[in-house]
Amino acid sequence: MSSTSFKHNYELVNWEIDSEILGSKVVSGYKSSAPASCNINHGFIGTDCNINQLLDIAKPDNHVSISLRSNKDEQFTKIQLPKQTHSTEIINFQTLINPNIECDGDAVLLKKGEAAGIKTADCVPLIIVSANNNFGVIVHAGWRGAVRGIVQNAVNSLTKASGSASSTLTAVIGPAAGDCCYQVGEEVTKELNNIESLYFKKILLKENNHFSVPKYVLNTLISEGILAENINLLDICSICGRNSGDLSYFSYRREGQKAGRNLSFLKL
Ligand SMILES: [Zn+2]
């Protein structure tokens, strides 16, 4: 299993967010600029906008939406967010927006014309799309979701919906807790030891139990047949800000209970 040719290219971009609570606000975040994924309409917005503030006040028990555009000439797009529970469930976009169906889940499957987001504070935001951006999935993968199979579920849902082989898919892994900072306890190492090979233990679980969920996700994507050159790992640590320049991301590990939430979105 080789992950040597995955990419690390990203650029800083601005978006305008419109909400009843914050009003109109221009916010910055990173997006992938790797050749395979630069045309995907997506972004990872950090401490410029605490998405949690909007969501808690809005409708804590259900999914909510936020309006966003990349420039003044564009219409605002409603980004739909699911109620996340650290599960391995994938929700179809049409199910998510159906007011008669109550559902939670940690990933949303989209087709052309649809847009969804997820919120994180150290967990991994993952985006996978099919050729020509016809179908896509946006995933919230914490260590639980990742170890229990949400990445495999996301790839399977996407190949099934799009009819494409996983070798034709493109993926972007956003800012999350890096192994520079993310030390895990027995709860995590036990579960890893139960299911993973020596490879995972040696490569991903470093000295003093420093663990990289982003690299775990990367390796899972490769195991599922996505080509390394079609995967872009942003390699920004949400805890210490490594590789993020002046821009930082919210971190539960760094800020505790009061931590805000980062917004990751995908618009097809
Ligand atoms: Zn770090």
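A residue counts as buried here if 20 or more other C-beta atoms lie within 10 Å of its own. The exercises below use this cut-off on a predicted model.

**Exercise 1. Which residues of strand E13 point one way, which point the other way, and are they buried or exposed?**

Solution. Begin with the strand as a whole: E13 covers residues 262–267, and six of its six residues are buried, so that the strand is described as mostly covered. Next, separate the two faces: Asn262, Ser264 and Leu266 point one way from E13, while Leu263, Phe265 and Lys267 point the other way, and all are buried.

**Exercise 2. Which strands pair with E13, and over how many bridges?**

Solution. As background, strands of a sheet pair through backbone hydrogen bonds, either parallel or antiparallel. Take strand E3 (residues 41–45) to begin with: E3 and E13 pair in the antiparallel sense over five bridges. Within this pairing, the bridge partner of Asn41 in E13 is Lys267, and the partner of His42 is Leu266. Then turn to strand E8 (residues 115–120), which pairs with E13 in the antiparallel sense over six bridges, and here Lys119 has Leu263 of E13 as its bridge partner. Finally, follow E3 away from E13: two bridges join E3 to strand E2 (residues 23–32), and these two strands run antiparallel, with Gly29 bridged to Ile45 in E3. E3 is itself mostly covered, since four of its five residues are buried.

**Exercise 3. What is the order of the strands in the open sheet of six strands, and which are its edge strands?**

Solution. Reading across the open sheet, the order is E6-E7-E10-E9-E11-E12, and the pairing is mixed. The edge strands are E6 and strand E12 (231–233), each of which pairs on one side only. From one strand to the next, the twist averages 15°. Inside the sheet, E9 and E10 run antiparallel and are joined by six bridges, and Val129 stands opposite Gly136 in E10. A helix also belongs to this picture, for H4 packs on the sheet, touching E6, E7, E9 and E10, and its direction makes about 170° with that of E10.

**Exercise 4. How far does helix H4 reach, which of its residues are buried, and what covers them?**

Solution. Start with the span: H4 (residues 150–162) has 13 residues and reaches 18 Å from its first C-alpha to its last, close to the 18 Å expected at 1.5 Å a residue. Then list the buried residues, which are Ile150, Val151, Asn153, Ala154, Val155, Ser157, Leu158, Thr159 and Ser162. What covers the buried residues of H4 includes strands E6 (90–92), E7 (107–111), E9 (124–129) and E10 (135–141), together with helices H3 (143–148) and H7 (213–223). To finish, look just past the helix, where Gly163 follows H4 with a positive phi near 70°.

**Exercise 5. Why does Val137 count as buried, and which residues does Val137 touch?**

Solution. Place the residue first: Val137 is found in strand E10. Val137 is buried because 30 other C-beta atoms lie within 10 Å, and the cut-off for a buried residue is 20 or more. Not counting residues up to four places away in sequence, Val137 touches Ile90, Ala107, Val108, Leu109, Leu110, Ile128, Ala154, Ser157 and Leu158; of these, Ala154, Ser157 and Leu158 are also among the buried residues of H4. Another position to locate in the model is Ala171, which is 34 residues from Val137 along the chain, with 9.5 Å between the two C-alpha atoms. In soluble globular proteins, nonpolar side chains tend to be buried together. Here the largest nonpolar core has 72 residues, and those with the most contacts inside it are Val137 and Val217.

**Exercise 6. How many helices and strands does the protein have, and why is it called as compact as a globular protein of its length?**

Solution. Count the elements first, which gives eight helices and 13 strands. The radius of gyration is 17 Å, close to the 18 Å that the globule rule gives for 268 residues, so the protein is as compact as a globular protein of that length. Along its principal axes, the C-alpha trace spans about 50 × 40 × 35 Å. As for burial, 48% of the 268 residues count as buried. Lastly, among the contacts with a separation of 6 or more, residues 24 or more positions apart account for 65%.

Conventions: Residues are numbered from 1 along each chain as its sequence is written. This is a predicted model: local features need pLDDT of at least 70, side-chain atom pairs count only at pLDDT 80 or more; totals for chains, interfaces and linings use all residues. The expected span of a helix is 1.5 Å times one less than its number of residues. A residue is buried if 20 or more other C-beta atoms lie within 10 Å of its own, exposed if 12 or fewer, and partly exposed in between; C-beta atoms are placed from the backbone. Two residues are in contact if their C-beta atoms, placed from the backbone, lie within 7 Å. Two strands pair if DSSP finds at least two bridges between them. Axes are lines fitted to C-alpha atoms, for helices over the stretch in contact, and angles run from 0 to 180 degrees between N-to-C directions. A nonpolar core is a set of buried Ala, Val, Leu, Ile, Met, Phe, Trp, Tyr and Cys residues joined through C-beta atoms within 7 Å. The radius of gyration is taken over C-alpha atoms; the globule rule is 2.2 Å times the number of residues to the power 0.38.
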